[in-house]
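Let's take a walk through this model together. Keep the sequence and the 3D view side by side as you read.

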Amino acid sequence: MNMFSNKEMPSPSSLFSAYASMAASMMLFRSMANELIPHPVRGYLVSSLRYLFKTHSPKLTLVIEESNGISRNQVYEAAEIYLCTKISSNTERIRVSKSPKGKTLTIRLEKGEKLVDFYEGIELKWRFVCAESPQKDPNDPFSPPRSEKRFFELTFHKKHKDRVLDCYVPYVLERANAMKDEERVLKMYTLNSCHPYNGVKWESINLEHPATFETVAMDQDLKNAVIEDLNRFVKRKEFYKKVGRAWKRGYLLYGPPGTGKSSLVAAMANYLKFDVYDLQLANIFRDSDLRKLLLGTANRSILVIEDIDCSVELPDRRHGDGRKQPDVQLTLSGLLNFIDGLWSSCGDERIIIFTTNHKERLDPALLRPGRMDMHIHMSYCTYHGFKLLASNYLGIHNHHHLFGEIEDLMKETDVTPAHVAEELMKSEDVDVALEGLVKLLKRKKLEGDEFEDEAEKKNAAQAAKRQKTGKQQRKPVRNNRRNSTKRTSNRLSAKKTILY
């Protein structure tokens, strides 16, 4: 039975009148409040009311981004490695990869995936997130394209905040470092031109170069000096800190092409177990980009700048027609500050290696100690280097009847280790390979003699011309035997290793 009779039910018109009266009262009250209550006070009251009626969650979420400003976030890298051991049957999507020479699969979380970890009874929920970053000014030629912003979310109860930050996060860092040491695979990093320098986009592949100090064909005394210098460097962390210097070391490898500069870099990386970052200065246009790249490198790494004499012209670079490139702001001072200025201290246990075929073309400011601490002359192949190559390529560990002739020819001939190695690879027959090398050395000796004779004739003609014009200069006296001895001495001097 209806509780209200027809007489007691309010009519629609009366309900509308009541609503209109209430709305008018609210508007009047709001108008009076705006006039009587100052704006800051109103804002405070509104925020207080929202806080009172807001539903408070007992959970806390830590956001672990891939980069920390312009430097790498070590917690992100550690989480990526650590979480691959926590993947369970509940995980729906994972990323799997394997290098050609890798022994195991590399497993990573796919974007959007979640997993749960437990630490001393605390439940910790991880989530891998990828968000697309906005594109910058399209009119700027150096504006980076749209890219993904990657980060981890770690959620747990608020009451465990101190325990998580003080114990769990350091535990993840420690476990990740231990895992990297157990499965250490050296990496070769290069800058991907498709991802300009926002976030510092280094991309890597496994460094599988087989060169070691045992296989590099170089002077044995120089090799021992380099090994000793590397060992001293990695053991002196406290010393560098005590004397107020950044824990880094600079090397200059110089000499003719094919003398083993790149092989020595690989041997140093394999010896120290350091990753290699290959930096092409020709692709960098601003000092700020160079700083970002430096901060994007990890500790215990080798930064290599090859052919520095021709990769960049400082202080400015130009087009082929001589016009200066627009917006190019990479300067010599920026490069020097990158090497040994304040920015060079952003990281520990780093080695910077420059290579060049022409040391004399480098600015003297680059060559001083503190920037290029050790100058290593990679010279032409010596007899000792040949025997090492013969052992590696042909398996000759003792003497061969052609060794004496090869030794005599090498004293009078300039030939690179790369050229010798190429000749030894032409046949698996030891006698055939060595006979081919003897022919090569004789041909190069003959070419060298002809070149020197032509140079002597040219010098003699120039001297005669100067004498006719009244300039007093002694005309060179040619003696075949004496000149032959002089040429041999010059070649030996050219092969002598120079070490600073």
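The protein chain holds 16 helices and 15 strands. Please keep in mind that this is a predicted model. Of the chain's 500 residues, 36% count as buried. The chain exposes about 31,000 Å², and 52% of that area is supplied by carbon and sulfur atoms. If you take the contacts between residues at least 6 apart in sequence, 71% of them join residues at least 24 apart.

A good place to begin is the open sheet, which 4 strands form in the order 1-8-7-6, with antiparallel pairing. Strand 1 (59-65) and strand 6 (114-119) stand at its edges; each has a single partner strand, so one side of each is left without a neighbour in the sheet. On average, neighbouring strands of this sheet are turned by 25° against each other, direction ignored. As a reminder, the strands of a sheet pair through backbone hydrogen bonds, either parallel or antiparallel.

Now look at strand 7 (residues 122-132) and strand 8 (residues 148-157), which pair in the antiparallel sense over 8 bridges. To find your bearings there, pick Ala131: its bridge partner in strand 8 is Lys149. Two helices pack on this sheet as well. Helix 3 (residues 74-83) touches strand 1, strand 6, strand 7 and strand 8, and its direction makes about 75° with that of strand 8. Helix 4 (residues 161-182) also packs on the sheet, touching strand 1, strand 6, strand 7 and strand 8, but its direction makes about 125° with that of strand 8.

Further along the chain you will meet helix 5 (residues 220-234). How far apart are the end C-alpha atoms of helix 5? They are 22 Å apart, which agrees with the 21 Å that its 15 residues should span at 1.5 Å a residue. At the N-terminal end, Asp219 acts as the cap of helix 5, with a side-chain oxygen 3.0 Å from the backbone nitrogen of Asp221. Within helix 5, the buried residues are Leu222, Lys223, Ala225, Val226, Ile227, Asp229, Leu230 and Phe233. Their cover includes helix 6 (237-243), helix 7 (261-272) and helix 12 (383-394), along with strand 11 (248-254), strand 14 (350-356) and strand 15 (374-377).

Next, a few loop residues deserve a visit. Most residues other than glycine have a negative phi. Lys273, though not a glycine, has a positive phi of about 65°. You will find Lys273 in the loop between helix 7 and strand 12 (275-278), and at 45% relative accessibility it counts as partly exposed. Asp307 also has a positive phi, near 50°. Asp307 sits in the loop between strand 13 (301-305) and helix 9 (308-311), where it is partly exposed, with a relative accessible area of 31%.

Our last stop is Glu349, in the loop between helix 10 (332-340) and strand 14. Is Glu349 buried or exposed? Its relative accessible area is 10%, and with the cut-off for buried set at under 20%, Glu349 is buried. Leaving aside neighbours within four places in sequence, Glu349 is in contact with Phe233, Val234, Trp247, Phe274, Asn299, Arg300 and Ser301. One of these, Phe233, is a residue you have already met among the buried ones of helix 5.

How values were computed
Residues are numbered from 1 along each chain as its sequence is written. This is a predicted model: local features need pLDDT of at least 70, side-chain atom pairs count only at pLDDT 80 or more; totals for chains, interfaces and linings use all residues. Side-chain values use heavy atoms; hydrogens and water are left out. Two strands pair if DSSP finds at least two bridges between them. Axes are lines fitted to C-alpha atoms, for helices over the stretch in contact, and angles run from 0 to 180 degrees between N-to-C directions. Contact means heavy atoms within 4.5 Å. The expected span of a helix is 1.5 Å times one less than its number of residues. Buried means under 20% relative accessible area, exposed over 50%, partly exposed in between (1.4 Å probe, protein chains only). A polar contact is a pair of N or O atoms within 3.5 Å; within protein, one must be able to donate a hydrogen and the other to accept it, and residues adjacent in sequence count only if both atoms are side-chain atoms. Accessible areas come from the Shrake-Rupley method with a 1.4 Å probe; for residues, only the protein chains shown count as cover.
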